[in-house]
Amino acid sequence: AYLDSCGVCSGGNSMHIPESDIDCNGKCFGTAIVDPCGGCSGGDTGIEINQSNVKSKNKTYTCGDFLFIMEMYKLKYPNNPCSSLELMNNDEQLPGCIEQYLKLGETRWNQNGRLTQYTLSDDNIDGIFPERAKYANQLNYLDISRNQFWGPFPDIFCDIYKKGTIRISENKFCPPYPDCFDDNAILLIDLEEMEENAICK
């Protein structure tokens, strides 16, 4: 056994893997992580967690926004090759897939290249709203009305509503529903109708 570069007794019969306390940013006991897009973020990287850059041709997306548009595409086209995260390592396929993602729904981006608005209304989407969609944390407008989203009611919806507008009518999210919409009569009616048709499995 010996002291690794972080000063931890490692190897031998210590049961400690050498250098395992170094984060992806090279810091001992750091909190940076490899995000779902393969980039290092958080900790002392200067990059917001789960927001490393995804570059395609002459454009750059953050991981969170990229995952959002990809996850929506996966729900619409689950068997398409562009619905696999493996394409992240395919520089030839990635640009074409991003073009496909952006054809589904309508997007708006701010001057910093962050996704701020997304409209995917009446597109026959059927499935659980993706957990990783929460990484698109600059959204201030979301319209997913008249689809078939179901499962647990996403926490991200309250965050979006506080910053702007959300439309969720005629979906099938499962209660309990948050009280953040209590000041909006239309959304409360939507939730009442949703509860009657909710799918909670």
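Which residues is arginine 114 in contact with, leaving aside its neighbours within four places in sequence? In this predicted model, the contacts of arginine 114 are Glu48, Gln51, Thr62, Asp65, Arg108, Trp109, Tyr135, Asn137 and Gln138. Arginine 114 is found in the loop between β7 (106–109) and β8 (115–119). Its relative accessible area is 10%, which is under 20%, so arginine 114 counts as buried. The side chain of arginine 114 also makes a polar contact with the side chain of aspartate 65, at 2.7 Å.

**The sheet**

The two strands flanking that loop belong to an open sheet of four strands, in the order β7-β8-β10-β12 and with mixed pairing. β7 and β12 (165–167) are at the edges and have a single partner strand each, so one side of each lacks a neighbour in the sheet. From one strand to the next, the twist averages 15°.

Two of the pairings are set out below.

| Strand pair | Bridges | Direction |
|---|---|---|
| β7 and β8 | four bridges | antiparallel |
| β8 and β10 | three bridges | parallel |

β7 and β8 form a hairpin with five residues between them. Glycine 113, in the turn of this hairpin, has a positive phi of about 80°. Across the hairpin, glutamate 106 has threonine 119 of β8 as its bridge partner, and threonine 107 stands opposite tyrosine 118 in β8. Threonine 119 also has a bridge partner in β10, namely aspartate 143. Threonine 119 is thus bridged to glutamate 106 and to aspartate 143.

**Helix packing and the core**

α3 lies across β10 (141–143) and β12, and runs at about 135° to β12.

The largest nonpolar core has 45 residues, of which Phe66, Phe68, Tyr101, Phe129, Phe157, Ile168 and Phe181 touch the most other members. At least two residues of this core come from each of α1 (63–76), α2 (94–103), β8, α3 (156–163) and α4 (185–197). The element that gives the most to the core is α1, with eight residues.

Phenylalanine 181 can be taken as an example from this core. Leaving aside its neighbours within four places in sequence, phenylalanine 181 is in contact with Phe153, Phe157, Cys158, Tyr161, Ile166, Ile168, Leu187, Leu188 and Leu191. Two of these contacts, Phe157 and Ile168, are also among the core residues that touch the most other members.

How values were computed:
Residues numbered from 1 in each chain as written. Predicted model: local features only at pLDDT ≥ 70, side-chain atom pairs only at ≥ 80, totals over all residues. Heavy atoms only, no water. Buried < 20%, exposed > 50% of the residue type's maximum accessible area, 1.4 Å probe, protein only. Polar contact = N/O pair within 3.5 Å; in protein donor to acceptor, adjacent residues only side chain to side chain. Contact = heavy atoms within 4.5 Å. Core = buried A, V, L, I, M, F, W, Y, C linked by side-chain atoms within 4.5 Å. Pairing = 2+ DSSP bridges. Axes fitted to C-alpha atoms, helices over the stretch in contact; angles between N-to-C directions.
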